Number of protein chains: 2
Amino acid sequence: MQSILSCADKDLIESLNRLFDFLRIPSISADPNHNQDCQKAAKWLQNYLQDMDFKVQICETKGHPIVLANAPQVKGALHILFYGHYDVQPVDPLELWQIPPFEPCIRNDFAGNKVIHGRGSSDDKGQILTFLEACLAIYKQNKQLPLNITVILEGEEENGGEHLPAFLARQKDQLHPDIAFICDTDMAMPDVPAITAMVRGLVGEEVKIYAANRDLHSGLYGNAAQNPIQILSEIIAALRDEVGRVTIPKFYDGVPEINQSIRQQWQKIGKTDQALLDPIGLYCPAGEVGFNAIEQTWCRPSCEINGIMGGYEGPNFKTIIPAHASAKISFRLVGQQDPFQIRENFRIFVRSRIPKDCKVEFVSYGASRASMISLEGKNLRKISKALEEEWNHKTVVIGSGGSIPVVSDLQREFGIESFLIGFANVDDCIHSPNEKYNLRSFHKGIRSWIRILYALRS
Amino acid sequence: MQSILSCADKDLIESLNRLFDFLRIPSISADPNHNQDCQKAAKWLQNYLQDMDFKVQICETKGHPIVLANAPQVKGALHILFYGHYDVQPVDPLELWQIPPFEPCIRNDFAGNKVIHGRGSSDDKGQILTFLEACLAIYKQNKQLPLNITVILEGEEENGGEHLPAFLARQKDQLHPDIAFICDTDMAMPDVPAITAMVRGLVGEEVKIYAANRDLHSGLYGNAAQNPIQILSEIIAALRDEVGRVTIPKFYDGVPEINQSIRQQWQKIGKTDQALLDPIGLYCPAGEVGFNAIEQTWCRPSCEINGIMGGYEGPNFKTIIPAHASAKISFRLVGQQDPFQIRENFRIFVRSRIPKDCKVEFVSYGASRASMISLEGKNLRKISKALEEEWNHKTVVIGSGGSIPVVSDLQREFGIESFLIGFANVDDCIHSPNEKYNLRSFHKGIRSWIRILYALRS
C-alpha cells in the first residue's frame with residue numbers, strides 16, 4: 001500500500017489536470033441550457049473509467065444520464081457501491097465570482113494554503129475524483145482493484161434527483177453491494193476526519209399565488225385589491241412562531257431527542273455557534289430557541305425560504321400591485337419525519353390562508369427522508385482507523401444539515417448503509433460564488449481512499 | 001366655438017397621427033437605457049408647440065428635461081397653467097402585450113368601440129394631446145388662443161418626479177397663473193365627466209436586508225443562519241393588523257372622516273365594490289374592514305408592496321439562504337398625513353425588527369402630501385357646465401387613489417388650485433400591459449377642452 005500512496009503523491013499534478021478537465025464542463029443540471037454539458041460530463045466519466053478497465057454504461061433517463069460502472073470482479077471480496085454526482089449548482093450571481101466558475105485554477109488563500117477554485121470543485125466533482133483517483137493509483141500499480149467496486153454517478157443531484165430512485169430500483173436484481181460510500185460531505189474540522197452518520201431529508205415546494213388578472217396601479221387599487229406579495233409574506237411569517245418553531249400542524253412528529261453523548265462529542269471538537277456563524281459574518285443563531293447552531297443544523301428540522309419574487313424589482317420604482325408572486329420553500333427533515341405528510345400539511349396550511357378570490361399553485365421539488373447509520377460494526381471501525389492513520393487525528397462521527405436522498409434510496413433498494421466520507425471544509429462556498437476545494441483535501445482525500453480500500457480488503 | 005369644434009372633428013385623423021408619433025417614442029423614465037428617448041419626447045413636444053407659436057424652453061435637470069411653453073399673451077384674460085408628463089411606465093412583462101407597447105394602433109375592443117393601443121396612450125400622452133390638440137384647433141382657426149396659457153410637461157412623473165418641485169420654485173417669480181389644469185385622471189364612469197377633487201399623496205421606499213456575507217447552502221445553515229427573506233416577510237406581514245389597518249405608529253394622524261354627502265354621491269353613480277373589482281377578476285375587497293372598495297382607494301391611506309426579490313427564482317430549485325432580500329413598498333396618503341413623518345416612522349418600525357447581526361438599507365422614492373380642492377367657486381361651476389354640454393351628463397366630483405404630487409407643488413409655489421380633468425377609463429390598463437385609451441375619450445376630450453377654454457374666457 002505504501003508504494004501506491006507514493007504513486008498517488010507522484011501523480012498529483014496529473015490527477016489535478018484530470019480534475020480541471022472535469023471542472024471545465026459546466027454541467028448545471030437545473031438549467032436546460034446546459035443539458036448538453038451534462039451529457040458531456042457523463043461521457044467524460046465514461047472514458048475516464050474505461051481507461052482503468054471498468055465496464056461502463058451511460059444510462060439515459062428522462063432527465064440527465066446516470067453513469068453506471070463496474071470494475072472487474074474480485075472473488076470473495078467486499079462489494080462497494082460508490083455514489084457521486086457530476087452535476088453542479090447554478091452560478092448566479094455571476095458578478096460575485098472572483099474567477100470565472102468554469103475556468104478552474106489553483107491559488108493561495110489568505111492563509112497561504114493552496115486551494116482549487118471552480119464550481120463543482122468541492123460539490124461534488126473534486127470529491128468524486130478523490131475516490132476515482134485512488135482507484136486509478138491502485139490500478140496503475142496492480143492492474144486490479146482489491147475489492148468489488150460499482151460506481152454510480154448521477155447528473156440530477158442538484159435538481160431534485162428525480163430519476164435516480166427508479167434507476168436504483170431497476171438495478172436491484174443485478175447489483176448486490178455490501179456497503180455504500182458517498183463522498184459529498186465535510187470533515188469535522190480542518191484536518192479532523194469525519195464519518196457523517198446523520199443526514200437530513202428534504203421537501204422542496206414552490207408556491208405561486210395569483211390575485212388580479214393583471215398588474216394593477218397601486219394608487220387606483222391600493223387597499224382594495226388583494227396583493228399577492230402581502231399574502232405570501234403573511235404565509236411565510238406564519239410558518240415560524242415566536243420561538244422559531246415551525247407551525248405547520250404535526251411538523252415535529254417523528255423528530256427524535258438529541259443523544260446526549262453525541263452532543264458532548266460535538267462540544268469537544270469545538271462546534272460552537274461562533275464556529276458555524278463567524279465565517280459567514282453572523283453571530284446571533286436564528287431558528288429554534290433551546291438548541292445551539294450545530295444542533296439546529298444537524299439534528300433539528302428546518303424551514304427555509306430559498307427564493308421569492310413578485311412585482312417590480314428593476315431600477316427605480318414602479319407603483320404596481322402585481323398579479324402574482326411566488327416563493328421557493330424547503331424543509332429539512334430529521335428522524336422519522338414523513339416528507340409526504342409534511343408536504344400535504346404544508347399545502348393545507350397555505351391553502352387555508354389564501355383569500356377566496358385568489359388562487360394558489362404548488363410545484364413539488366423532491367421529497368426524501370432523513371437517515372442515520374448504526375454506530376456499531378466492524379466496517380465503521382476499520383474505516384475510522386484508516387482515516388485516522390492518514391490524518392493523525394481521531395475520526396469523529398458527525399451529522400449533516402444537507403440532504404443526500406440517495407442514502408435512503410440505497411437503504412431501501414439494497415438494504416445497505418451508506419458511509420458518508422468527505423474531505424470538504426465548511427468554508428468551501430458550495431452552492432455560492434467562489435466555490436473552492438483545498439488542495440490538501442484533494443491530495444489526502446485520494447490517500448484516504450487508498451487506505452480505506454486496503455483496510456476493507458481483509 | 002362651433003366652427004372650432006367642427007374643425008377638431010374634421011382634423012381627427014391628423015390629431016391621431018400626431019399622437020401616434022408621440023406614442024412611438026419609448027420615453028420610459030425609470031430605465032436609464034431610455035434616457036435618450038426622454039430627450040426625444042421633449043424635443044418632439046418643443047417642435048409641436050412651436051408650430052402654434054408657443055415660446056418653448058427645454059429646461060434640463062439632473063434627470064429628464066422639463067418642457068416649459070408660453071402662448072402669446074392675451075391681455076386681461078385668465079392665466080392657465082397646464083401640466084402633463086411625457087414619460088411612461090416600464091413595459092415588463094413584455095410577453096403579456098398583445099401589441100408591441102411602442103407600436104400604437106387603433107382596434108375595436110370586444111364591445112366594438114375603437115380604442116388606441118400603446119404604452120402612454122392613456123397615461124399620459126393621449127391625455128396631454130387632448131388639451132394641446134384643442135389649443136391647435138383654436139390656433140388654426142383664430143391664430144391666437146382665448147386665454148393666457150403656460151404648458152409644463154415633465155419627464156419624471158413615473159419615476160418619483162424628483163426635479164419638478166425645484167423647477168416650479170424657480171418659476172415662482174416669472175409665472176403668475178390663476179388656475180392649473182392637469183389631464184391625468186379618469187372619468188367618473190364611461191361617458192360621465194368628472195373633476196377629481198381629492199388626490200392621495202405618496203411615500204415610496206425600498207428596503208434592502210443583508211444577512212450572511214454570501215449565499216448559503218440551506219441544508220448546512222438552515223435554521224441557524226438568519227434568512228433575509230424570512231425577516232422581510234415578517235416585517236411585511238406586521239405592516240397590517242387583522243382588520244387591515246396599517247400598524248406603523250401614528251400612521252393615521254391627519255386622516256379625515258369621510259364626508260357623508262360625497263359618500264352618497266358615489267353610491268348614486270354606482271361606485272360599488274363590484275364595479276371596481278370585477279374588471280380585475282377579484283371580488284373580496286382587501287384592506288381595511290369598515291370601508292368599501294372605492295372609499296378605501298379614494299379616502300383612506302394604504303400600504304402596498306410593489307415588488308419583492310431575494311434568493312433563487314430561476315427554473316427548478318436552488319437550496320440556498322440568500323445573502324440579501326429587498327422589497328419596494330409605497331404608502332398612499334390622504335388628508336393631512338405627513339409624508340416625511342411616515343417615512344421616518346416606517347424606518348423605525350423596520351429597524352426595530354432587524355436582528356442584531358443583520359443590516360438594513362433604505363432608498364427613498366418620492367414623498368408628497370395628499371391634496372383636495374374647494375368645492376365652491378365660479379371656475380369649478382363653469383368647467384362643470386362645459387363638460388356637461390359635451391358629454392350630456394352632469395359632472396361628478398370624485399377622488400383618485402393615485403398620487404399627483406404636482407398638485408401640492410402648484411398649491412405651494414403659486415397658491416393655485418389644480419383642476420384634474422381627464423377622460424381615461426378604469427379599464428385603460430395604465431401601468432399594466434396592453435394600455436389603451438378610448439378613441440371617444442381622445443376625440444371628445446379635445447372637444448371638452450375647447451369648450452372649457454371658451455367657458456373661462458368670460
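## From a strand pair to a two-fold dimer

In β5 of chain B, the residue that serves as bridge partner of B:Ile106 is B:Ile116. This pair of isoleucines is a convenient place to enter the structure, which is a predicted model. The strands concerned are β4 of chain B and β5 (residues 114–117) of chain B, which run antiparallel and are joined by four bridges.

These strands belong to an open sheet of three strands in chain B, whose order is β4-β5-β18 and whose pairing is antiparallel. Because β4 (105–108) and β18 (436–438) of chain B stand at the edges, each with a single partner strand, one side of each is left without a neighbour in the sheet. From one strand to the next, the twist averages 35 degrees. A helix also meets this sheet: α14 (residues 439–455) of chain B lies across β4, β5 and β18 of chain B, and its direction makes an angle of about 55 degrees with β18(B).

Turning to chain A, the reader will find an open sheet of three strands there as well, with the order β4-β5-β18 and antiparallel pairing. Its edge strands are β4 (105–108) and β18 (436–438) of chain A, each of which pairs on one side only, and the twist averages 35 degrees from one strand to the next. In this chain the pairing can be followed from the other edge, since β5 (residues 114–117) of chain A and β18(A) pair in the antiparallel sense over three bridges, with A:Val115 standing opposite A:Asn438 in β18(A). Helix α14 (residues 439–455) of chain A lies across β4, β5 and β18 of chain A, where it runs at about 55 degrees to β18(A).

Elsewhere in chain B, two helices pack against each other: α1 (residues 2–10) and α4 (residues 125–142) of chain B meet at an angle of about 115 degrees, with their axes 9 Å apart, and their crossing is right-handed. From α1(B) the residues B:Ser3, B:Ile4, B:Cys7 and B:Ala8 take part, and they meet residues of α4(B) that include B:Ala134, B:Ala137 and B:Ile138. Sorted by class, the contact of α1(B) with α4(B) has six nonpolar, two polar and two charged residues.

How are the two chains related to each other? A rotation of 180 degrees, with 0.0 Å of shift along its axis, superposes chain A on chain B with an RMSD of 0.1 Å, and that is the relation of a two-fold axis. The same surface serves both copies, in that 100% of the contact residues of chain A recur in chain B.

The contact between the chains takes 83 residues from chain A and 83 residues from chain B. Among the elements of chain A that each supply at least two residues of the side touching chain B are the helices α7 (228–238) and α10 (293–298) and the strands β11 (302–311) and β13 (324–333). It is β11(A) that gives the most to this side, with nine residues. By class, the residues of the side of chain A that touches chain B divide into 36 nonpolar, 33 polar and 14 charged.

Strand β11(A) also takes part in pairing between the chains, for β11(A) and β11 (residues 302–311) of chain B pair in the antiparallel sense over five bridges. Within this pairing, A:Ile308 has B:Gly310 in β11(B) as its bridge partner.

How values were computed
Residues numbered from 1 in each chain as written. Chains lettered and ligands numbered in written order. Predicted model: local features only at pLDDT ≥ 70, side-chain atom pairs only at ≥ 80, totals over all residues. Pairing = 2+ DSSP bridges. Axes fitted to C-alpha atoms, helices over the stretch in contact; angles between N-to-C directions. Contact = placed C-beta atoms within 7 Å. Nonpolar A, V, L, I, M, F, W, Y, C, P; charged D, E, K, R; others polar. Left-handed = near helix turned anticlockwise from the far one by under 90°. Least-squares fit on C-alpha atoms with pLDDT ≥ 70 in both.
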